[in-house]
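Student: I would like to go through this structure with you and ask how each label is earned. Could we take it residue by residue?

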Amino acid sequence: FETTESAVSATGPAVVGYAGMVTLEGANQPGIVHTVTTILAQNGMSIDKLKTGEDIAPHGGTTLFHMTCMVNALEPLSKDFSPEKVRDQLEALGERLNCDVEMEDVQDDTVGASFFSA
């Protein structure tokens, strides 16, 4: 879906208060994307770009799922917004689902620009 309208409101362009990249790798299971995105939404975050895929594990034939997404929280940030809190929630999710989940801060615009070029 594309639009020609810009993301400029009556008060000016949207300003990103926090940007990050979330990665997940683990055994594929129903609802895994929904569970991660629910945590992000509950913390006032949006997904800019999302990439998913599957691979067969080299030993055992299990299907491994991987997800990478660029996320942000727009200003003004909620007074209780905390990237560490989001990381803790994602880490707890990873422990429950037996997968690796990480969220790294992104300071460089080239990370988002090159997201799908691999």
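Tutor: Gladly. Let us begin with Asn98, which at 67% relative accessibility counts as exposed. Keep in mind that this is a predicted model.

Student: Why is Asn98 called exposed?

Tutor: The label exposed needs over 50% relative accessible area. Asn98 has 67%, so exposed is the right word. Asn98 sits in the loop between H2 and S6.

Student: What is notable about phi of Asn98?

Tutor: Phi is near 55° there, a positive value in a residue other than glycine. Another backbone feature is the cis peptide bond that joins Glu75 and Pro76. Its omega is about 0°, and Pro76 is placed in the loop between S5 and H2.

Student: How many helices and strands are there in the protein?

Tutor: There are three helices and six strands. Read from the N terminus, the order is β-β-β-α-β-β-α-β-α. The protein has 118 residues, and 29% of them count as buried.

Student: Why is the pair of Tyr18 and Phe81 called tilted?

Tutor: A search of the whole structure finds one aromatic pair. The ring centres of Tyr18 and Phe81 are 5.7 Å apart and the planes are at 55°, so the pair is tilted. Rings pair if their centres lie within 6.5 Å, and planes under 30 degrees apart would be stacked, over 60 edge-to-face. An angle of 55° falls in neither of those ranges, so tilted is what remains.

Student: Which parts does this pair tie together?

Tutor: Tyr18 belongs to strand S3 (residues 16-27), while Phe81 is in the loop between strand S5 (63-74) and helix H2 (83-97), so the pair links parts that are 63 residues apart in sequence. Both Tyr18 and Phe81 are buried.

Student: What makes Glu84 and Arg87 a salt bridge?

Tutor: The closest N and O atoms of Glu84 and Arg87 are 3.3 Å apart. The rule asks for a distance within 4 Å, so the pair qualifies. Both residues lie in helix H2, three residues apart, about one turn of the helix.

Student: How do you know that Asp105 and Arg87 meet in a salt bridge?

Tutor: The N to O distance is 2.3 Å, which is within 4 Å, so this pair passes as well. Asp105 is in strand S6 and Arg87 in helix H2, so the bridge ties together parts 18 residues apart in sequence. By this rule the count comes to two salt bridges, and Glu84, Arg87 and Asp105 are linked in a network.

Student: Are those three residues buried or exposed, or what are they called?

Tutor: Partly exposed is the label for values between 20% and 50%. Glu84 at 48%, Arg87 at 22% and Asp105 at 41% therefore each count as partly exposed.

Student: Which residues form the negative surface patch?

Tutor: The patch is made of Glu25, Glu54, Asp55, Asp100, Glu102 and Glu104. Strand S4 (46-56) and strand S6 (99-105) are the elements that give two or more residues to it. S6 supplies the largest share, three residues.

Student: Why is Glu54 called partly exposed?

Tutor: Glu54, which is placed in strand S4, has 47% relative accessibility, so it counts as partly exposed. To be a patch member a residue needs over 30%, and 47% clears that cut-off too.

Technical notes: Residues are numbered from 1 along each chain as its sequence is written. This is a predicted model: local features need pLDDT of at least 70, side-chain atom pairs count only at pLDDT 80 or more; totals for chains, interfaces and linings use all residues. Side-chain values use heavy atoms; hydrogens and water are left out. Rings of Phe, Tyr and Trp (its six-membered ring) pair if their centres lie within 6.5 Å; planes under 30 degrees apart count as stacked, over 60 as edge-to-face and the rest as tilted. Helices (H or I, at least four residues) and strands (E, at least two) are DSSP runs, numbered from the N terminus. Buried means under 20% relative accessible area, exposed over 50%, partly exposed in between (1.4 Å probe, protein chains only). Patches are made of residues with over 30% relative accessible area and no salt bridge: like charges are joined within 9 Å, nonpolar side chains (Val, Leu, Ile, Met, Phe, Trp, Tyr) within 5 Å. Accessible areas come from the Shrake-Rupley method with a 1.4 Å probe; for residues, only the protein chains shown count as cover. A salt bridge is a side-chain nitrogen of Lys or Arg within 4 Å of a carboxyl oxygen of Asp or Glu. Lys and Arg count as positive and Asp and Glu as negative; His and the chain ends are not counted. The place of a charge is taken as NZ of Lys, CZ of Arg, CG of Asp or CD of Glu.
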